Amino acid sequence: MSRRIPSDKLLESERTARPSSLALYAARLLDALPDAAFVTDLEGRLVYGNEALAHLAQAKLMDLLGQTREELFGDELAAELAAEDERVAQGETVVAVRDW
């Protein structure tokens with residue numbers, strides 16, 4: 001049995017489901033990466049990281065959450081990351097590759 005969903009309802013359900021499904025997709029993508037990957041909030045605090053980041057930091061991932069860029073990476077690298085975040089916020093595409 002199939003059921004048709006009116007297009008206005010479909011769009012509404014996609015809008016409400018999209019953030020959580022997009023976040024789940026992004027988390028799975030980061031988890032699959034062999035290299036350290038992470039997400040910070042607007043204040044530079046770690047809100048998500050993969051196991052490679054935890055391995056790099058030699059800490060449990062849960063212990064890293066909420067730490068600032070400075071706490072995680074030191075002042076110099078934190079400043080570089082903040083500058084890159086600002087460029088992204090301005091609409092620029094930034095690709096950064098680092099040898100940890």
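Me: Is Gln-58 buried or exposed?
Reply: Exposed, because its relative accessibility is 75%. Keep in mind that this is a predicted model.

Me: Where does Gln-58 sit?
Reply: In the loop between H2 and H3.

Me: And what about the phi of Gln-58?
Reply: Phi is near 55° there, a positive value in a residue that isn't glycine.

Me: OK, zooming out. How many helices and strands does the chain have?
Reply: Five helices and two strands. Starting at the N terminus, the order is α-β-β-α-α-α-α.

Me: How do S1 and S2 run, and how many bridges join them?
Reply: They run antiparallel, with three bridges joining S1 to S2, and S2 covers residues 46-49. One pairing to look at is Val-39, whose bridge partner in S2 is Tyr-48.

Me: What's in the hairpin between those strands?
Reply: There are five residues between S1 and S2, and Gly-44 in that hairpin takes a positive phi near 85°.

Me: Switching to packing. Which residues make up the largest nonpolar core?
Reply: Eight of them: Leu-46, Leu-53, Ala-54, Leu-61, Leu-64, Phe-73, Leu-77 and Leu-81. At least two residues of this core come from each of helix H2 (51-57), helix H3 (61-64) and helix H5 (75-89).

Me: What does Leu-61 touch, leaving out residues up to four places away?
Reply: Gly-49, Asn-50, Glu-51 and Ala-54.

Me: How many aromatic pairs are there?
Reply: The count comes to one. The rings of Phe-38 and Phe-73 have their centres 5.2 Å apart and their planes at 35°, so the pair is tilted.

Me: Which parts of the chain does that pair link?
Reply: Distant ones: Phe-38 belongs to strand S1 (residues 38-40) and Phe-73 to helix H4 (residues 69-73), with their positions 35 residues apart.

Me: And why does Phe-73 count as buried?
Reply: Because its relative accessibility is 17%, and the cut-off for buried is under 20%. Phe-38 comes out at 24%, so that ring's residue counts as partly exposed.

Me: Let's do Leu-30. Where is it?
Reply: In helix H1, which spans residues 7-32. Leu-30 counts as buried because its relative accessibility is 15%.

Me: What is Leu-30 in contact with, leaving aside neighbours within four places?
Reply: Ala-37, Val-39, Tyr-48 and Asn-50. Val-39 and Tyr-48 are the bridge partners from before.

Me: How far is the C-alpha of Leu-30 from that of Glu-51?
Reply: The two atoms are separated by 9.0 Å, with the residues 21 apart along the chain. Glu-51 also turned up among the residues that Leu-61 touches.

Me: Now some totals. What share of the chain is buried?
Reply: Buried residues make up 20% of the 100 residues. The accessible surface comes to about 8,000 Å², and 54% of that belongs to carbon and sulfur atoms.

Me: What fraction of contacts between residues at least 6 apart join residues at least 24 apart?
Reply: It comes to 14%.

Me: Last topic, confidence. What does the pLDDT average for the chain?
Reply: The average is 82, and 81% of the residues score at least 70.

Me: Where does pLDDT stay under 50?
Reply: Over residues 1-10. For that stretch the model has one contact beyond four places in sequence.

Note on methods: Residues are numbered from 1 along each chain as its sequence is written. This is a predicted model: local features need pLDDT of at least 70, side-chain atom pairs count only at pLDDT 80 or more; totals for chains, interfaces and linings use all residues. Side-chain values use heavy atoms; hydrogens and water are left out. A nonpolar core is a set of buried Ala, Val, Leu, Ile, Met, Phe, Trp, Tyr and Cys residues joined through side-chain atoms within 4.5 Å. Buried means under 20% relative accessible area, exposed over 50%, partly exposed in between (1.4 Å probe, protein chains only). Helices (H or I, at least four residues) and strands (E, at least two) are DSSP runs, numbered from the N terminus. Contact means heavy atoms within 4.5 Å. Rings of Phe, Tyr and Trp (its six-membered ring) pair if their centres lie within 6.5 Å; planes under 30 degrees apart count as stacked, over 60 as edge-to-face and the rest as tilted. Two strands pair if DSSP finds at least two bridges between them. Accessible areas come from the Shrake-Rupley method with a 1.4 Å probe; for residues, only the protein chains shown count as cover. pLDDT is the predictor's confidence in each residue, from 0 to 100.
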